[in-house]
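Ready to work through a few short exercises with a protein model? Have a look at the sequence and the structure, try each task yourself, and then read the solution.

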Amino acid sequence: MKLLTEQASADNIARILEKLDTFNSDPSRGTTRVLFTPVEIAGRNYIKEEMAALGLTVREDAIGNIFAALPGTDPSLAPVWTGSHIDTVLQAGMYDGMAGVVAGLEAVRLIRAAGITPKRTIEVVVYTSEEPTRFGLNCLGSRALAGALTLEDAERLKDEEGRTLAEVLADLGYDLARFKDIPIARGAVHGAIELHIEQGAVLESLGLPIGLVKTISAPTNFEVSVRGKQSHAGSTPMHLRHDAFLACCEIALELERLAKASTSPDTVGTVGKVEVVPNASNVISGLVQFSIDIRDSDYETKSKLVAGLQTFFREVEARRKVELDIRQINDDKPTHSDPAILGLLEEACIKKDIPYHKMVSGAFHDSMMVGRFAPIAMIFVPSKDGISHNPDEFTEYGDIAKGTDILVETLLRMTME
Ligand code: GLV
Ligand code: MN
Ligand code: MN
Ligand code: MN
């Protein structure tokens, strides 16, 4: 096998990440690039240009997952994938997701520069909307690839303006008749590796440049609305209130208590989005809508917590005489990395004398869904102060380059299998 002739270039990684970061609808605070907004579409187009400049064949499926292929010598073999996402949460940083896409492009550039033609095709994938920002559900593209988001789901999922995912896709020219062709059969992808920033502080605290993900914690998400009784903050005595906001607070605190009491070290629970109606200082709120996000690396433990929370919902409802409307958005299972790919990643780290740490991912990733139909593994690179989903998110380009060297080495070995 021919050898690579170059190491990953931090400068090239910086060039693409910084250009991608110009597609931003709220430059006053970090980066905001929400699914199928003009800046996100422009970001997609820019990444497609970079893909084409590498001589890759670019195609898109009916939900907008982008695939850029470097053809292998044996088209009968299942391809190897690498990639991540380019959409963001509101006021995000410029690395979450994007680092993995750019690492994939850089990996292909290195393979091309060395004049290597792999046996298996390599595809750089940009998954549609890993973040739940617009439609409330995460991993839309990879979920559809896993067969877990159908056209009926796309017709039901609505954004804040009441537009469905299916409508938005159709307006952009995606062919909904092709939706049924999105799911990938088990065996059709040989393996997939996603590079991602850690989004936590474990690597930094250990002083290590590389994390290899063993397990991806999975979320269970709810949208809850509490209907109480809107009334006057001065004239309503405390014992006659049905305060929707306080019911929400109690649930948030119970979630914290249950998560802290969990036997799994990876259990976390968050109420991150709260809308109080009418949101006025002298009015007891009559309606509160809020989100619940529960994650765990252990599905059984998470299910127990969810059951405990559901009991508490009923208790709060009865005690405060409020009405709860609870909508479960998803209940995902943790994904374990493939031991064989993990083994190759470890060998690449050892060969390059790069120290690494095997770890759990608290954040979810598209690989969580890809793992439902293909062997996966993930490479983490350090996040400064563990900060993410925040404009202060920061990762050294040199660390992304190091991760890319591990990525490309491993992709090549997988493509020669
Ligand atoms: C992904 O962004 C997550 O919320 O874990
Ligand atoms: Mn994210
Ligand atoms: Mn992400
Ligand atoms: Mn992710």
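The exercises below deal with a predicted model, and they go from helix pairs to cores to single glycines.

**Exercise 1. Work out how H8 and H9 are oriented to each other, and list what sits in their contact.**

Step 1: Find the two helices. H8 covers residues 244-261 and H9 covers residues 299-320.

Step 2: Take the geometry. The two pack at an angle of about 150°, and their axes are 10 Å apart.

Step 3: Compare with the cut-off. Angles over 145 degrees count as roughly antiparallel, so H8 is roughly antiparallel to H9. As for handedness, H8 passes H9 in a right-handed crossing.

Step 4: Look at who meets whom. H8 brings Ala247, Glu250, Ile251, Glu254, Leu255, Leu258 and Ala259, while H9 brings Leu305, Gly308, Leu309, Phe312, Phe313, Val316 and Arg320. Sorted by class, that gives 10 nonpolar, one polar and three charged residues.

**Exercise 2. H1 packs with H2 and also meets H12: find the orientation for each pair.**

Step 1: Start with H2. H1 (residues 10-20) and H2 (residues 38-53) pack at about 155°, with 10 Å between their axes. The pair is therefore roughly antiparallel.

Step 2: List that contact. Ile16, Lys19 and Leu20 of H1 meet Gly43, Tyr46, Ile47 and Glu50 of H2. Their classes are four nonpolar, one polar and two charged.

Step 3: Now turn to H12, which spans residues 397-416. Here the axes come within 8 Å and cross at roughly 110°. The range from 65 to 115 degrees counts as roughly perpendicular, so that is the label for H1 and H12. H1 passes H12 in a right-handed crossing.

Step 4: List this contact too. Ala10, Ile13 and Ala14 come from H1, and Tyr397, Gly398, Ile400, Ala401 and Thr404 come from H12. The tally is six nonpolar, two polar and no charged residues.

**Exercise 3. Say which helix gives the most to the largest nonpolar core, and look around one of the core's residues.**

Step 1: Get the core's size. The largest nonpolar core has 90 residues, and Ala99, Leu345, Ala377, Ile379, Leu407 and Leu411 have the most contacts inside it.

Step 2: Name the helix. H3 (residues 98-113) gives the most, with 10 residues.

Step 3: Zoom in on Ala377. Leaving out residues up to four places away in sequence, Ala377 touches Ile193, Leu212, Val213, Ser337, Asp338, Ile341, Leu342 and Leu345.

Step 4: Check for another core. There's a second, separate one of 15 residues, with Ala247, Val288, Phe290 and Leu309 among them.

**Exercise 4. Decide for Gly72 and for Gly234: buried, partly exposed or exposed?**

Step 1: Place Gly72. You'll find Gly72 in the loop between E2 (66-70) and E3 (80-84).

Step 2: Count around Gly72. There are 19 other C-beta atoms within 10 Å, and buried takes 20 or more, so Gly72 is partly exposed. Beyond neighbours within four places in sequence, Gly72 is in contact with Leu77, Pro118, Lys119, Arg120, Thr121 and Thr415.

Step 3: Place Gly234. This glycine is in the loop between E8 (231-232) and H8.

Step 4: Count around Gly234. It has 7 C-beta neighbours inside 10 Å, and 12 or fewer means exposed, so Gly234 is exposed.

Step 5: Try two distances. Gly72 and Arg314 are 242 residues apart along the chain, with 57 Å between their C-alpha atoms. Gly234 and Asn282 are 48 residues apart in sequence, and their C-alpha atoms are 7.2 Å apart.

How values were computed
Residues are numbered from 1 along each chain as its sequence is written. Chains are lettered from A and ligands numbered from 1 in the order in which they are written. This is a predicted model: local features need pLDDT of at least 70, side-chain atom pairs count only at pLDDT 80 or more; totals for chains, interfaces and linings use all residues. A nonpolar core is a set of buried Ala, Val, Leu, Ile, Met, Phe, Trp, Tyr and Cys residues joined through C-beta atoms within 7 Å. Helices (H or I, at least four residues) and strands (E, at least two) are DSSP runs, numbered from the N terminus. Two residues are in contact if their C-beta atoms, placed from the backbone, lie within 7 Å. Axes are lines fitted to C-alpha atoms, for helices over the stretch in contact, and angles run from 0 to 180 degrees between N-to-C directions. Angles under 35 degrees count as roughly parallel, over 145 as roughly antiparallel, 65 to 115 as roughly perpendicular and the rest as oblique. A crossing is left-handed if the near helix is turned anticlockwise from the far one by less than a right angle, and right-handed if clockwise. Ala, Val, Leu, Ile, Met, Phe, Trp, Tyr, Cys and Pro count as nonpolar, Asp, Glu, Lys and Arg as charged, and the others, Gly among them, as polar.
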